[in-house]
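Subject: Structure handover

Hello,

Here are the sequence and the structure I said I would pass on. My notes follow below.

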Amino acid sequence: SSKLRVPEALTFDDVLLRPKESRVEPDEADLTSRVSKTVEVSVPILSAAMDTVTEADMAIAMARHGGMGVIHRNTNIDRMVEEIHSVKRADELIIPHDSVVTADPEMTVREVDEMMVREGVGGAPVTNTNGEVLGIISSTDIRPHLEVGENDSVTEAMTDEVITAPQDIDAREAFDLMYEHRIERVPVVDDENLLVGLVTMQGILQRREYKEAARDSDGKLRCGVAVGPFETDRATAADEAGADVLFIDCAHAHNLNVIDGAREIKEAVEADVVVGNVGTREAAEDLVDFADGIKVGIGPGSICTTRVVSGAGMPQITAVSQVADVASEHDVPVIADGGIRYSGDAIKAVAAGADAVMLGSYFAGTDEAPGRVVTMNGKKYKQYRGMGSVGAMKSGDADRYLKEDPEDDEEYVPEGVEAATPYKGTLKSELHQLAGGMQSGMGYVGAETIPEFKERAEFVRVSSAGQAEGHAHDVVITDEAPNYSPD
Ligand code: RVP
């Protein structure tokens with residue numbers, strides 16, 4: 001029967017990269033790529049928009065190390081806006097006025113000391129009610145007064161010939177200014193000497209540590225945000241809060257109502273709009289005229305049960321390559337989302353045509369993921385659950401999943417499970433292993449850049465015997481490798 005003349009579809013374990021002549025050392029391989037039309041990153045890796053993976057802490061860490069986090073949408077709009085603000089403020093050169101701890105000239109030395117301890121700062125500009133900068137006080141200025149005159153006015157202890165900086169100061173100039181005057185913080189003022197913000201030495205040194213960081217044109221960390229296909233309010237709020245990329249978040253984005261919603265959101269915002277998930281050439285054709293990126297993955301996720309529950313899905317290597325065939329002709333970046341267990345899977349996804357990859361389980365066990373570490377049978381774990389699991393659906397923004405009887409579990413038809421994943425320590429080292437493994441893949445193929453790699457890479461088909469050969473076999477592993485665990 002014609003129904004049974006079916007095409008083959010492949011996934012990660014079905015293929016390997018064919019080794020090729022090379023002069024590329026892995027650490028010379030450049031991973032720079034795009035996650036969407038206007039957003040380039042030095043490490044094309046995204047953390048998944050899931051409530052056990054990406055909130056502000058994860059997004060900050062991902063961007064500092066060259067990738068990008070996508071904040072989940074299982075929360076109300078106000079809270080989500082706060083998360084975006086935290087990311088955007090994390091490595092800001094000038095701390096804006098409303099976030100600067102200031103002292104009032106009426107305060108005593110004791111009061112200022114208590115305030116600085118409470119706020120966790122080592123110094124504060126002293127401003128009058130107009131916001132004019134009168135001086136600056138630091139804990140070193142205060143110390144001698146605390147013994148003899150804790151009720152002295154702060155104006156007696158402060159430095160009144162205060163060094164200030166103009167609003168257009170850059171990091172280099174601020175560093176030089178502070179170095180020259182041996183100071184730790186400089187108030188930034190406007191033409192009328194009114195406080196605009198504060199630059200700190202600590203902030204500058206922190207920025208220098210992250211040379212690879214993904215930053216926007218103002219030097220703030222990049223941040224992605226998930227929004228539902230019909231959540232125009234959430235999308236505009238995220239856009240105004242400064243999100244760089246909005247990810248229209250849907251398990252089946254080839255649903256035409258979803259595409260209509262996504263188009264409407266695209267019209268309403270400045271940020272790039274990535275649409276997903278899809279898994280076929282036809283879906284890509286329906287998205288390329290407006291999407292700034294297409295995300296691929298129908299059922300590959302580690303916590304995802306879509307394929308067993310619905311009977312639908314597309315093995316991920318075939319899905320990525322079908323979408324990429326269409327998207328690349330329209331210069332639309334492709335993101336491979338889900339099912340990546342090892343660095344080798346990530347670079348295979350790129351070989352199939354992806355410009356960037358998204359991972360959930362790989363990062364869910366790190367310190368920066370939400371949730372706490374639990375111990376079971378002497379091993380440490382963190383919670384990791386599908387966004388289509390009963391638990392995630394229940395804890396979502398109530399009105400999104402409003403049901404007749406909120407107590408009745410049977411109303412849900414979940415397509416995800418709730419699980420635990422081994423605790424892994426810092427995101428930094430996980431990301432280092434992942435990116436390093438991808439660079440190794442580029443070395444084996446002889447490509448120095450991602451575009452060159454996509455051009456050169458070829459697959460070979462692997463049998464199940466070949467697959468077994470690829471894993472550690474016929475040995476008992478005695479020491480855990482940082483990038484490999486069998487199972
Ligand atoms: P993985 O990296 O294999 O853990 O997959 C993460 C991806 O799984 C997410 O980015 C998302 O596309 C998908 N997901 C999230 N929740 C669910 C579900 O409940 N089915 N699936």
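**The β17–β18 hairpin**

N377 takes a positive phi near 50° in the hairpin of β17 and β18, where two residues lie between the strands. Please keep in mind that this is a predicted model. The two strands, β17 (residues 373-376) and β18 (residues 379-385), pair in the antiparallel sense over four bridges. M376 has K379 in β18 as its bridge partner.

R385 also belongs to strand β18. Is R385 buried or exposed? R385 counts as buried because 25 other C-beta atoms lie within 10 Å, and the cut-off for buried is 20 or more. Setting aside neighbours within four places in sequence, R385 is in contact with T52, I303, G391, A392, G416, E418 and A419.

**Around the ligand**

The shell around the ligand holds 24 residues, of which G301, G360, G386, G388 and G416 come nearest. Two elements, β16 (356-359) and α14 (361-364), give two or more residues to that shell. By class, the shell divides into nine nonpolar, 13 polar and two charged residues.

In the UniProt record, an unreviewed entry, the feature "binding site" is placed at S302, D337, G338, G339, G360, S361, Y384, R385, G386, M387, G388 and E415. R385, described above as buried, is therefore one of the listed positions.

G338 is another position in that record. In the model, G338 sits in the loop between β15 (334-337) and α13 (343-351). G338 counts as buried because it has 25 C-beta neighbours inside 10 Å. Not counting residues up to four places away in sequence, G338 touches G297, P300, G301, C304 and Q316. One of these, G301, is also among the residues that come nearest to the ligand.

**The CBS spans**

For "domain: CBS", the same kind of record (UniProt, unreviewed entry) lists residues 94-153 and 158-217. Residues 94-153 are 35% helix and 22% strand, with the end C-alpha atoms 28 Å apart. Residues 158-217 are 33% helix and 18% strand, and here the end C-alpha atoms lie 36 Å apart.

An open sheet of three strands runs in the order β6-β10-β9, with antiparallel pairing. β6 (95-96) and β9 (185-189) are the edge strands, each pairing on one side only. β9 and β10 (residues 195-200) are joined over five bridges in the antiparallel sense, and V189 stands opposite L195 in β10.

S153 is the last residue of the span 94-153 in the record. S153 is found in the loop between α4 (139-148) and α5 (154-157). Why is S153 classed as partly exposed? S153 has 15 other C-beta atoms within 10 Å, which falls between the limits of 12 or fewer for exposed and 20 or more for buried. The C-alpha atom of S153 is separated by 65 Å from that of L287, 134 residues away along the chain.

**Confidence**

The protein averages a pLDDT of 93, and 97% of the residues score at least 70. Over residues 398-403 the pLDDT is below 50, and this stretch has four contacts in the model beyond near neighbours in sequence. The model scores are ipTM 0.99 and pTM 0.88.

Regards

How values were computed: Residues are numbered from 1 along each chain as its sequence is written. This is a predicted model: local features need pLDDT of at least 70, side-chain atom pairs count only at pLDDT 80 or more; totals for chains, interfaces and linings use all residues. UniProt positions are given in the numbering used here, feature names are shortened, and annotations may be inferred rather than shown by experiment. pLDDT is the predictor's confidence in each residue, from 0 to 100. Two residues are in contact if their C-beta atoms, placed from the backbone, lie within 7 Å. Two strands pair if DSSP finds at least two bridges between them. A residue is near a molecule or strand if its C-beta atom, placed from the backbone, lies within 6 Å of it. Ala, Val, Leu, Ile, Met, Phe, Trp, Tyr, Cys and Pro count as nonpolar, Asp, Glu, Lys and Arg as charged, and the others, Gly among them, as polar.
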